[in-house]
Amino acid sequence: MALVLRRVAAALGCTPHHIRVLSQLGFGPCYSSIVGSDSSDFQSWPNGGGCFHKSASIDPTAFVEIGAVVHSKAVVGEHVCIGSGAVIGPGVSVGQSTKIGFNVSLSNCTIGDSCIIHNGTCIGQDGFGFMVDEYGKMLKKPQMLNARIGNFVEIGANTCIDRGSWRDTVVGDHSKIDNLVQIGHNVVIGENCMLCGQVGIAGSVTIGDYVTMGGRVAVRDHVSIVSKVRLAATSCVTRDIKEAGDYGGFPAVPIREWRRQVAIHSQTSTKRNS
């Protein structure tokens, strides 16, 4: 890996200091990802020392930190900050004043203005879609569309948002997503939604505006949730929610019904133990 770093860095015009920094920070894999391309097409960005493809469009005010890579035909807006180890894939668009953390991976996606993408987030990778052929073998379904992130969206560390297969995956303006959240392919999330840690949303779910999900909420595939719904932590949505309000439980029901279920279960358990 050290040899690869030296060769790539030399082709890109990086100094020995850059090579030492990259090796110490563990960003060899980031730079080695461009070895398969013509390294002469990559140059060092003057504001930060990161690498960019000559066909990328980067605003002069953008900061691309050393160890970051901006690939071909990517578009980076003004005042964008891209942290070390981040990879901005081919054709990806990043809106103005957006902050990209360390080791973020962006592919097949567009990111709006004034977003915050925290460390380790992956956006635009293939969704989990398979089918069984006539021989009983698993075949991968094509995942050919994109993920679209709106303006003023914040996405927590190590969250994954899959690209679409039959429609784009969408996160609406001003929505906030916590750490370790999984959003499957074709999911559409409205504006001003809040998803707490470890929420899991299966493919093709449609969520309205102002929806709040507590920690570890799960939503099954192809479910629709109307606007202004709040889901208690660890709830599981197994069917459409058509009326605004508070819900909880497994399966999720209106919150008062869920509380009655919990109370009845507690009373029954107490009687059995007495």
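**Entry 1, Ile201 and the core**

I began with Ile201 and listed its contacts beyond the four neighbouring places in sequence: Gln182, Ile183, Gly184, Val187, Ile189, Leu195, Ile207, Met213 and Val219. I note here that the model is a predicted one. I then asked which residues touch the most other members of the largest nonpolar core. They are Ile201, Met213 and Ile225, in a core of 53 residues. Looking at which elements feed this core, I found that β12 (109-111), β17 (147-149) and β30 (229-231) each supply at least two of its residues.

**Entry 2, the chain as a whole**

I looked up the secondary structure next and recorded four helices and 33 strands in the chain. Of its 274 residues, 43% count as buried, while the area that the chain exposes comes to about 13700 Å², with carbon and sulfur atoms supplying 54% of that area. For the contacts with a separation of 6 or more, I noted that 17% are between residues 24 or more positions apart.

**Entry 3, cysteines**

How many disulfides does the structure hold? I found zero. For Cys122, which is in no disulfide, the nearest cysteine sulfur belongs to Cys160 and lies 4.8 Å away. Because a disulfide is counted here when the two cysteine sulfur atoms are within 2.5 Å, I left this pair out of the count. I also looked up exposure: Cys122 counts as partly exposed at 26% relative accessibility, and Cys196 is partly exposed with a relative accessible area of 26%.

**Entry 4, the largest pocket**

I turned to the largest pocket, which holds about 150 Å³ of space. Its lining is made up of Phe63, Glu65, Cys81, Ile82, Gly83, Lys99, Ile100, Gly101, Ile116, Ile117, His118 and Asn119. Which strands each supply at least two residues of this lining? I recorded β7 (81-82), β10 (99-100) and β13 (116-117).

**Entry 5, Gly156**

His118, named above in the pocket lining, came up again when I listed the contacts of Gly156. Leaving out residues up to four places away in sequence, Gly156 touches His118, Thr121, Ile177, Asp178 and Asn179. Thr121 is 35 residues from Gly156 along the chain, yet I read a separation of 7.2 Å between their C-alpha atoms. Is Gly156 buried or exposed? Gly156 counts as buried, at 3% relative accessibility, and its place is in the loop between β18 (154-155) and β19 (160-162).

**Entry 6, backbone checks**

I then went through the backbone angles, bearing in mind that most residues other than glycine have a negative phi and that most peptide bonds are trans. Asn108, although not a glycine, has a positive phi of about 50°. I placed Asn108 in the loop between β11 (105-106) and β12, and noted that this residue is partly exposed, with a relative accessible area of 26%. Phe152 is another residue other than glycine with a positive value, its phi being near 60°. I found Phe152 in the loop between β17 and β18, where its relative accessible area of 38% makes it partly exposed.

Which peptide bond is cis? The bond from Phe250 to Pro251 is cis, and I noted its omega as near -5°. Pro251 has its place in the loop between β32 (245-248) and β33 (253-254).

Technical notes: Residues numbered from 1 in each chain as written. Predicted model: local features only at pLDDT ≥ 70, side-chain atom pairs only at ≥ 80, totals over all residues. Heavy atoms only, no water. Buried < 20%, exposed > 50% of the residue type's maximum accessible area, 1.4 Å probe, protein only. Contact = heavy atoms within 4.5 Å. Areas by Shrake-Rupley, 256 points an atom, 1.4 Å probe, with all protein chains shown as cover. Core = buried A, V, L, I, M, F, W, Y, C linked by side-chain atoms within 4.5 Å. 1 Å grid on protein atoms, 1.4 Å probe; cavity = no way out; pocket = protein on both sides within 12 Å on 5 of 7 lines; lining within 4 Å. Points joined across faces, edges and corners; volume = space filled by probe spheres on them.
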